Amino acid sequence: MRIEDLVLRVVVFASGAVVMVVEVTGGRAITALYGSSAVVWGGVIGVVLAALSLGYWIGGRLSDRFDPRKVVSLMSISGGLYVALLPTVTALVSSSFRLELLDERVGSVVSGLVVTGVPSMLLGAVVPATVKHLGQGRSELGSISGNVYALSTLGSIAGTFGTTFFLLERLEVNSIFFLSGLVLSAIAALGSIRYPGVVKGGAFAILVVLLVSTPQLLVCTSAYLGEVKYVGDSTYSRIVVVDRAETRLLYINGLLHSGMVIGDPDSLPFQYTRLFVLGPLILNRSGGLSTLFIGGGGFSGPKFFSSHYQDMRIVAVEIDPKVVDVARTFFHLTEFSDKIEIVVMDGRRYLMLTEEKFDVVVLDAYSKNYIPFHLATSEFFDLLRSRMKEGGVVVSNVIASLSGPASAILWAYVRTLKEHFPHVLIVPVSSGDPFDVQNVIVVASDAPLPSTWELVERAGRDAVASSLGISGPLSRAFVPSHDLSQFPLLTDGYSPIENLLNPVTMSRFGERYVTGLGSPSLCA
């Protein structure tokens, strides 16, 4: 095999790998804006497939008219450079257009065209041009084309596993794009040695990209108000820690997830987290209780419980190990390590594996601003019920409204929950318009719950609850009495979660439930 043909195959492999690096990493960035629902991922995958198809067509047409080896060089170099510039490109787009205001279906496709569509089209053209070059004057065209497509697919497999198992755990999104794009461009430029013009042009373009992508010239800027203390990516999320005024805030995928008063690590600056104490308050005791938190974030609830309920057993389950590391470094979680058992695992899987039973379970796991669907189905609540003691209390945080389109997810959640915990109490955190999206605390048990007035009175007498100022939300608590049969029962097999969540996850013009999502940039 000639060296030239060997390098050409390396370019094909690398191009296939970068296509999947872009799809996985770019998809992760897009889901940070629109949520990780099946609708959004469907939009991302559909754009990549459509762009590859277009690239195959363009590559075939160009290689019939021009030197196919030169087509491979130009397409792979330009595709690699575009990938390396993606942070800057997305920052420019986001500064010009408010893509976050689009419907999630349209938005995922439009953002996908910018992030994944262009490079997938350019790199898709590499394959047919390579087949054309290697097949010239040879009769075994079927074997050649099969080998080239197989090599490209092997590259895509390597890109998929490498990105998900290695790169996302060690590098931030911008660095992944920058490095993978430059490596591909460099390989393609070296493989174009017989075309001095292409080599010179490619080298010049790489130099320009290096200059434009330096921190001083990069268009990418932070969208967070305050002093950014940390920016990083994990397999699941982009994580940002910001100090604003006297509060340290944790953003996951662009949404505020947790916070603490600086210098007071077990503080609860957000009202909804103070209502987590409804568990021990309803049980009217704290001694000897065991509490499970599903969803960690900054671990504000577990830290507060460990400080104020001295003899309580506390288990906190968080799926993202990087979130746990950030909480230890920036939210003083290490200081509470002897009081909180931290488990890095999906919450549902933990319940499947443990045989322990709990008195209180706090459900506060979120992907962007909605509950992962597998933590809101009848099968999940059935499993949860089997891991709770008789008379145990579930405290759930649901982001929704009490009325209007954005309330559908709340009432579907409540209907499903009541199948296994017949006694339910709704505690709206805000006293505002019922059409406004807010944190709604849903309390459930297999035993009768105290009345609203009894809870208010008990909170006034309780040493912990009385210090939190929760009498306002408690006075608004009510038992749902309207017909819930009009809302779907959520199951593992049938959970139209995207349709229910759509009014919550989207920002729209002229609607009350604008949630203020960030710009669709790959920047912090």
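Below, a biologist and a modeller chat about a predicted model.

Biologist: Hi! Let's start with Arg248. Where does it sit?
Modeller: Happy to! Arg248 is in strand β3, which covers residues 247–252.

Biologist: And is Arg248 buried or exposed?
Modeller: Arg248 counts as buried, because its relative accessibility is 12% and the cut-off for buried is under 20%.

Biologist: Which side chain does Arg248 make a polar contact with?
Modeller: That would be Asp243, with 2.7 Å for the polar contact between the two side chains.

Biologist: What about backbone atoms, say at Phe330?
Modeller: The backbone oxygen of Phe330 is 3.0 Å from a polar atom of the Arg248 side chain.

Biologist: Which other residues is Arg248 in contact with, leaving aside neighbours within four places in sequence?
Modeller: Among them are Lys229, Val241 and Val242, along with Ser258, Gly259, Met260 and Ile262. Phe331 is in contact with Arg248 too.

Biologist: Nice. Switching to aromatics: how many aromatic pairs does the structure hold?
Modeller: There are nine aromatic pairs. One of them joins Phe276 and Phe293: the ring centres are 6.3 Å apart and the planes are at 65°, so the pair is edge-to-face.

Biologist: Where do those two sit in the chain?
Modeller: Phe276 is in the loop between α10 (271–274) and α11 (278–283), while Phe293 is in strand β5, residues 290–294. They are 17 residues apart, so the pair links distant parts of the chain.

Biologist: Are Phe276 and Phe293 buried or exposed?
Modeller: Phe276 is buried, at 2% relative accessibility, and Phe293 is buried as well, with a relative accessible area of 2%.

Biologist: How is the pair of Phe305 and Tyr309 arranged?
Modeller: Phe305 and Tyr309 are edge-to-face, with 5.1 Å from centre to centre and 75° between the planes. Phe305 and Tyr309 are buried.

Biologist: Which residues do ring pairs link into a cluster?
Modeller: The cluster is made of Tyr272, Phe276, Phe293, Phe305 and Tyr309.

Biologist: Let's go to the surface. Which residues form the nonpolar patch?
Modeller: Phe13, Leu154, Ile157, Phe161, Phe165 and Phe166 form that patch, and together they have about 600 Å² of accessible area.

Biologist: Which helix gives the most to the patch?
Modeller: Helix α7, residues 141–170, gives the most, with five residues.

Biologist: Pick one from that helix for me.
Modeller: Sure, Ile157 is in helix α7. Ile157 counts as partly exposed because its relative accessibility is 40%, and partly exposed lies between the 20% and 50% cut-offs.

Key. Residues are numbered from 1 along each chain as its sequence is written. This is a predicted model: local features need pLDDT of at least 70, side-chain atom pairs count only at pLDDT 80 or more; totals for chains, interfaces and linings use all residues. Side-chain values use heavy atoms; hydrogens and water are left out. Helices (H or I, at least four residues) and strands (E, at least two) are DSSP runs, numbered from the N terminus. Buried means under 20% relative accessible area, exposed over 50%, partly exposed in between (1.4 Å probe, protein chains only). A polar contact is a pair of N or O atoms within 3.5 Å; within protein, one must be able to donate a hydrogen and the other to accept it, and residues adjacent in sequence count only if both atoms are side-chain atoms. Contact means heavy atoms within 4.5 Å. Rings of Phe, Tyr and Trp (its six-membered ring) pair if their centres lie within 6.5 Å; planes under 30 degrees apart count as stacked, over 60 as edge-to-face and the rest as tilted. Patches are made of residues with over 30% relative accessible area and no salt bridge: like charges are joined within 9 Å, nonpolar side chains (Val, Leu, Ile, Met, Phe, Trp, Tyr) within 5 Å. Accessible areas come from the Shrake-Rupley method with a 1.4 Å probe; for residues, only the protein chains shown count as cover. A salt bridge is a side-chain nitrogen of Lys or Arg within 4 Å of a carboxyl oxygen of Asp or Glu.
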